[in-house]
Amino acid sequence: MNIGEIKIFAGSSSKAFADKMCRYLGVEVGQSETLTFSEGNTFVRIGETVRDKDVYLVQTIGLKPNDEFVEILFWVDAFKRASANTVTVIMPYFSYAKGDKKDEPRVSIRARVCAESIELAGADRVVAMDLHSHQIQGFFKKPVDHLFALPVLCETIARMQLSDLVVVSPDAGFAKQARKYADYLGAPLAIGDKTRKDHSERAEILELIGHVEGKTALIIDDFSISGGTLIELSKLLVQRGATKVMACLSHLVLNEEAVRKIEDSPIELIISTDSVDNPHLVHSNKYKLVSVAPLFGEAISRIHNRESVSPLFEKVPDKIIAYSNEN
């Protein structure tokens, strides 16, 4: 890789992730610091020159979305004022992506507000993974590279050699994406009938469409916060005869209470990426993390060398799979 004028910096929420990316690329993480003052104000400082450099800022918007989002704006502004050539924002997880539409009166389309703010701060490009909906790319006027966890996660699952596998979508809305997992793994698809009446993060599973009796059920979703959907669906799957229940999530943003509840649920294992550094998982053995840092590292390499990123959308090189399961 021709690293040229590349500089990779880590925001406060993605230091470990940025370290893995840089190890994959064979470069050093840029020197920087983030301070939070006693009243809650955020302060960022670049520790080295970035004049005329192509800068890549790695900062997930995850467990503390408001602080992490504002920090991105301050970083982009700092890089631009320090005369960086370009600034690319790397967001492994974009929490506000779920605010992608105005589906009730007098509400904000939060993802659009975030997109415009990042661009107004001076970002030239954004790289994200498994946005809640594809149309969010259209909220940005600048280029957006939308990566997918599917090939990395599916290769990990395939190596587990699960018998009589059935992929389960938690609702009809996610069925199209779950179908891609099913096709990749050569498994049938079942669909849950879910309803959500308010913003309480509680969902009710009404019915299950598909045959799961005697099978290993793998629930597919992009993220979960309260774990409610996963737990309720897992109970229904066991009632319908599933012999084993597992789950696969793109992003692990489960809160502390959700982790406790999942410990007591029929779910045996949750496979996910390291897009969010979640401290609530430390004392649980129900989670298998697969690193997507090399996927983002490869994307940065291709962007920097003016190569196509699109081949990474469906099939990733074997070296990424091997590195992802080792780190």
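Throughout these legends, a residue is buried under 20% relative accessible area, exposed over 50% and partly exposed in between, using a 1.4 Å probe and protein chains only. The structure is a predicted model, in which local features need pLDDT of at least 70 and side-chain atom pairs count only at pLDDT 80 or more, while totals for chains, interfaces and linings use all residues. Residues are numbered from 1 along each chain as its sequence is written, and side-chain values use heavy atoms, with hydrogens and water left out.

**Figure 1. Confidence along the protein chain.** The pLDDT, the predictor's confidence in each residue on a scale from 0 to 100, averages 92 over the protein chain, and 94% of the residues score at least 70. Helices (H or I, at least four residues) and strands (E, at least two) are DSSP runs numbered from the N terminus. Among these elements, strand E10 (residues 204-209) has the lowest mean pLDDT, 77, and helix H2 the highest, 98.

**Figure 2. Phe43 and its surroundings in strand E3.** Phe43 is located in strand E3 (residues 42-46). Its relative accessible area is 28%, so Phe43 is classed as partly exposed. With contact meaning heavy atoms within 4.5 Å, and with neighbours within four places in sequence set aside, Phe43 is in contact with Glu33, Thr34, Leu35 and Phe37. The C-alpha atom of Phe43 is separated by 29 Å from that of Ile136, a residue 93 positions away along the chain.

**Figure 3. Aromatic pairs, including those of helix H2.** Rings of Phe, Tyr and Trp (its six-membered ring) pair if their centres lie within 6.5 Å; planes under 30 degrees apart count as stacked, over 60 as edge-to-face and the rest as tilted. The whole structure contains 7 aromatic pairs. One of them joins Phe37 and Phe43 in a tilted arrangement, with 6.0 Å from centre to centre and 50° between the planes. Phe37 has a relative accessibility of 42% and therefore counts as partly exposed. The pair formed by Trp75 and Phe79 is stacked, because the ring centres are 5.7 Å apart and the planes lie at 20°. Trp75 and Phe79 are 4 residues apart in helix H2, so about one helical turn separates them. Both Trp75 and Phe79 are buried, and ring pairs link these two residues with Phe9 into a cluster.

**Figure 4. The second largest pocket.** On a 1 Å grid over the protein atoms alone, a pocket is an open set of points with protein on both sides within 12 Å along at least five of seven lines, whereas a cavity is a set of points where a 1.4 Å probe fits but cannot get out; lining residues have an atom within 4 Å of a point. Grid points are joined across faces, edges and corners, and a volume is the space filled by probe spheres set on the points. The second largest pocket has a volume of about 330 Å³. It is lined by 17 residues, of which Ser12, Ser13, Lys64, Glu68 and Glu71 are the closest to its centre. Helix H1 (15-25), strand E2 (32-36) and helix H2 (65-81) each contribute at least two lining residues, and the largest share, 3 residues, comes from H2. Ala, Val, Leu, Ile, Met, Phe, Trp, Tyr, Cys and Pro count as nonpolar, Asp, Glu, Lys and Arg as charged, and the others, Gly among them, as polar. On this scheme the lining of the second largest pocket has 3 nonpolar, 8 polar and 6 charged residues.

**Figure 5. The enclosed cavity.** There is 1 cavity of 30 Å³ or more, and the volume of the largest cavity is about 60 Å³. Residues lining the largest cavity include Tyr93, Phe94, Met129, Asp130, His132, Asp222, Phe223 and His251. The lining of the largest cavity divides into 6 nonpolar, 3 polar and 3 charged residues.

**Figure 6. Helix H4 and residues with positive phi.** Helix H4 (residues 150-159) is mostly covered, with 8 of its 10 residues buried; among them are Leu150, Val152, Cys154 and Ile157. Gln161, just after H4, takes a positive phi of about 50°. Most residues other than glycine have a negative phi. Asp52, which is not a glycine, has a positive phi of about 65° and is placed in the loop between E3 and strand E4 (54-58). Asp52 is exposed, with a relative accessible area of 54%. Arg306 likewise has a positive phi, near 60°, and lies in the loop between helix H8 (293-304) and helix H9 (318-326). The relative accessible area of Arg306 is 67%, so this residue is exposed.
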